[in-house]
Each structure stands twice: as C-alpha cells, then as structure tokens.
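Biologist: I am new to this structure and would like a close look at a single strand and what surrounds it. Please start with the strand itself and work outwards.

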Amino acid sequence: MVHELALALALIQLALFALCWGLIALLMPQERRPALLFLALCASDALTAWLHVGQEGALGPVAPWIMTLGLASATLVCCGADAFVHRRLRQARFWFGVCAVGVAAMWLPLPAGADQVVRLAVYQGAFLLLLVGPLIWLRAGILAEFGRYGWLPLLPFALMSLPVAAFLVQITLQPEVVPARFEVDPVRGARSLIPFAIVSGIFHITWLGMMLGRQVVAARQAARIDTLTGTLRRGAFEAELEHGIAAAARLGHPLTLAFVDVDHFKRINDLGGHAAGDQVLRRLGAVIGATLRNTDRCGRWGGEEFVLLLPGLAPAQAPRLLQRLRRRLEAERIAVPAGCAALSLSIGYAGCEAGERPELRQLIRRADDAMYAAKRRGRDTFVGWHELGGDDAASADAPA
C-alpha cells in the first residue's frame, strides 16, 4: 500500500510537469524542441518509476530495463538542456554516444572472466558523464544569459551526480553490493521515490522558470526595441536619456545628444515604395549600431529620424564620431531606388560640458534645431547647436 501511494504521487507530479511542457511546446514555438524533450523525459521517468515500484520480487530481467530507461532519461535531460541553452543540439553526439555505451554495458554479453561489477561500473560511469557533462558544456551559455540565476537549473545535475559518483566508488571498493543492485524491491523502490521526486521537482521547476524567464526578457526587449531598425523605441530612448543626464550630472561627465535625419527619404518611398524605405532604414540602423560605442544609445525618434545619446562625449568631441558614421555610411553603399541620390544624413547635435546639467527638453530642442540647420545648409552634413547664430538661430523652428 505504501509503495502504491508513493508511485501514484510520483506519477501525478510527472503528469503535471508533462502538462506544463506540452503547453509550452504548443504556445512557444521557439522553445518547442527542449519542451518536447522534457515532455519525453516525464514519460520515461514515469515508466521507470512504475517498473521500479509496481513490480514484485527480485527481477533480474527487469533491472536492465530500469537502468536503460534511467540512461534514456539522463540523455533526454542533457539534450533538452542543450537545446534550450544553445537553441540547438550542439553536443548531441556526446549525449547519445555515452548513452549507447551505457546501454551496451547492460545488454551485451560480458567478456570471459568478467562479472557484474564491470557491467554496473560502465553503466554508472556513463550515467555520471551524462550528469557532469551539462555542468561543463552548458554552464558558460546559461550563466551568460541568466547571470547568477543560471546556477539554479544546473543544481539538479550536481545533486544527482553526487550519489551516482558515491555508488560508483562503492561498487569499485565493495563489489559484493552488485547483486543487490539487480534486484527490484517495491518497498525500497517506494522509498527511493522521495529523493527522486525532490530532485525531479527541482529540475522541472527551475527549467520551467528559466524558459518563462527568457520569454519575459524577450517581451521586455520587444517593448523597448524597434523591430525594423533594431534601435530603441522612442519611449525607451527617453528613459535612457533621462538616466544619462542624471548620471552625467552626478559624475560630472560631459554628454552629447545628436539628431539624425535621412535626406530626401520621401523620394525613396515615392520611387521605391515603402518596402524600399524599410530596407534603407533597416540597413541604416545596422550601420549606426556598428559605429557607436558600447556605452552609446540609439533610438528611432519617428519615421526616418534617429537620435543618438553619447555619454562621456563633449560637444566639441562629437564631430569625430559623427564623421566616422558618415564615412561608414558611404562605405556601406546602401541601395536606394533608381533616380535617388546616394543615401546621406543631416545631423544636428547639442550637449553639455562636464559639470553642467541641461534640462531634458531643452537639450532635445537644441539638437533638433541643429539638425534642421544642417538641412538648410545643404544636407549631408552635421551642425552643432553652439554653431547656430544669426539667420540659423532665427529660423531654427522653420520647416526644412
């Protein structure tokens, strides 16, 4: 009765996790491969638990099946984790190769003079490799994506590897324990389901958490990033700008803001259609991203207008970076429809020196005014707000 209750509880737990993985495979196509592998893991573990607890007596013929299913479960664990971390099965040959060695040890005839110790030692060694492998090959990728939280899904591998390593040492030093390993005792099996359920629960919950966490991060990124150009959306850029101004004032660092507008963009749309215009903006976003420093930020302000946040860069230093952007754009030779001039940019910039703290809207207006001044001066150039004077200052708000 006790072992039947333990088995029922273990199967209910696995069924719930299987339902979760099935829903993820259905609702998250990008995570379908690892979800299906973990779903298969639930089925393999359920069959293993039923064989281990639901049988009576010493079962020599059943023990190899249980151990084979154990290796299959470990392989599914590794493949699912590998598919999640790398978005493909990068180490598939290793996982299946180790599994094949372990299965062969359980089923192939032993060499003359060998006993069950050899069979079980090879099996345990293969099992241990499948548990330690993810700690070696998946650690860097998952920590790079999730930081210190990446250790959580790796914890079950470490927990499961400890008893396997201990038993491998035991059968090496005390080979007399081997015959008992090939017996299936339902009471002992029921007791073994307690640590199994704990480790299995930790495994499925942590990997479910990682998978859902990835979706949350992706959703946040989608809300921040303009899908066409790969730059920040306007709201996200304004938040970065507020933070940048506050940081510059607090640290006493300079800061520059630049407005970038594509010259004659309406003509590109008129002659090539919106698809041509979208392609130009997509390529331009990539060029800007490749030009900026890691600390810089680029946002799409609207239409064909971009805005650059250049922290630590004084207005007098900005022309060097802006000139580098123009040269890279010329070298890129972004295709435009026939009848359009080569792609060029009008850029206006404004900023503050070290120790100054401009008001946000004032800084935006100054950079915008300078950009319109660049258009009035013939386009394909950049103008700093500090250069405006006379007619430029008087007509700063006039349409270009």
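How many of the residues of β1 are buried?

Modeller: A word on the source comes before the answer: this is a predicted model. Strand β1 covers residues 255–262, and eight of its eight residues are buried, which leaves the strand mostly covered.

The side chains of β1 fall into two sets. Leu255, Leu257, Phe259 and Asp261 point one way, while Thr256, Ala258, Val260 and Val262 point the other way. Both sets are buried. In a regular strand, side chains alternate between the two faces of the sheet.

Next come the partners of β1. With β3, strand β1 pairs in the antiparallel sense over seven bridges. Within that pairing, Val260 stands opposite Phe306, and Thr256 has Leu310 as its bridge partner. The other partner is β4, which pairs with β1 over eight bridges, again in the antiparallel sense. There, Asp261 of β1 has Ser346 as its bridge partner. As a general matter, strands of a sheet pair through backbone hydrogen bonds, either parallel or antiparallel.

Strand β3 also deserves a look. It runs over residues 305–311, and six of its seven residues are buried, so β3 is largely enclosed by the rest of the structure. Besides β1, strand β3 pairs with β2 (residues 297–302) in the antiparallel sense over five bridges. Gly299 stands opposite Val307 of β3, and Arg297 has Leu309 of β3 as its bridge partner. The hairpin of β2 and β3 has two residues between the strands, and Gly303 takes a positive phi near 60° in this hairpin.

Put together, the strands make an open sheet of five, in the order β2-β3-β1-β4-β5, with mixed pairing. β2 and β5 (381–384) are the edge strands, each pairing on one side only. On average, neighbouring strands of this sheet are turned by 20° against each other, direction ignored.

Two helices lie across the sheet. Helix α12 (residues 318–332) lies across β1, β3, β4 and β5, and runs at about 160° to β4, which spans residues 345–352. Helix α13 (residues 360–376) lies across β1, β2, β3, β4 and β5, at about 150° to β4. Strand β1 is thus crossed by α12 and also by α13.

A separate feature is a charge over a ring: the charged end of Arg366 sits over the ring of Trp385, 4.1 Å from its centre.

To place β1 in the wider structure, it helps to turn to the nonpolar cores. In soluble globular proteins, nonpolar side chains tend to be buried together. Here the largest nonpolar core has 46 residues, and Trp21 and Trp207 have the most contacts inside it. The elements that give two or more residues to this core are α1 (2–27), α2, α3 (62–86), α4 (92–107), α5 (116–137), α6 (139–146), α7 (151–173) and α9. Of these, α3 gives the most, with 11 residues. Apart from this core lies another, of 29 residues, and Val260 is among them, as are Leu313, Tyr349 and Phe382. Val260 is one of the residues of β1 discussed above.

The largest core can be described further through Trp21. Leaving aside its neighbours within four places in sequence, Trp21 is in contact with residues including Phe38, His204, Trp207 and Met211. Trp21, Phe38, Phe84, Phe146, Phe157, Phe203 and Trp207 form one aromatic cluster. Phe84 has a further neighbour: Arg214 lies over the face of its ring, at 3.9 Å from the ring centre.

The structure holds 14 aromatic pairs. In one of them, the rings of Phe38 and Phe203 have centres 5.3 Å apart and planes at 85°, so this pair is edge-to-face. Phe38 lies in helix α2 (residues 32–53) and Phe203 in helix α9 (residues 186–224), so the pair ties together parts that are 165 residues apart in sequence. Phe38, at 0% relative accessibility, counts as buried, and so does Phe203, at 3%. Another edge-to-face pair joins Phe94 and Trp95, with centres 5.5 Å apart and planes at 75°. Trp95 is buried, at 0% relative accessible area, whereas Phe94, at 26% relative accessibility, counts as partly exposed.

Note on methods: Residues numbered from 1 in each chain as written. Predicted model: local features only at pLDDT ≥ 70, side-chain atom pairs only at ≥ 80, totals over all residues. Heavy atoms only, no water. Phe/Tyr/Trp six-rings, centres within 6.5 Å; stacked < 30°, edge-to-face > 60°. Helix = DSSP H or I, 4+ residues; strand = E, 2+ residues; numbered from the N terminus. Buried < 20%, exposed > 50% of the residue type's maximum accessible area, 1.4 Å probe, protein only. Lys NZ or Arg CZ within 6 Å of the ring centre and 35° of its normal. Core = buried A, V, L, I, M, F, W, Y, C linked by side-chain atoms within 4.5 Å. Contact = heavy atoms within 4.5 Å. Pairing = 2+ DSSP bridges. Axes fitted to C-alpha atoms, helices over the stretch in contact; angles between N-to-C directions.
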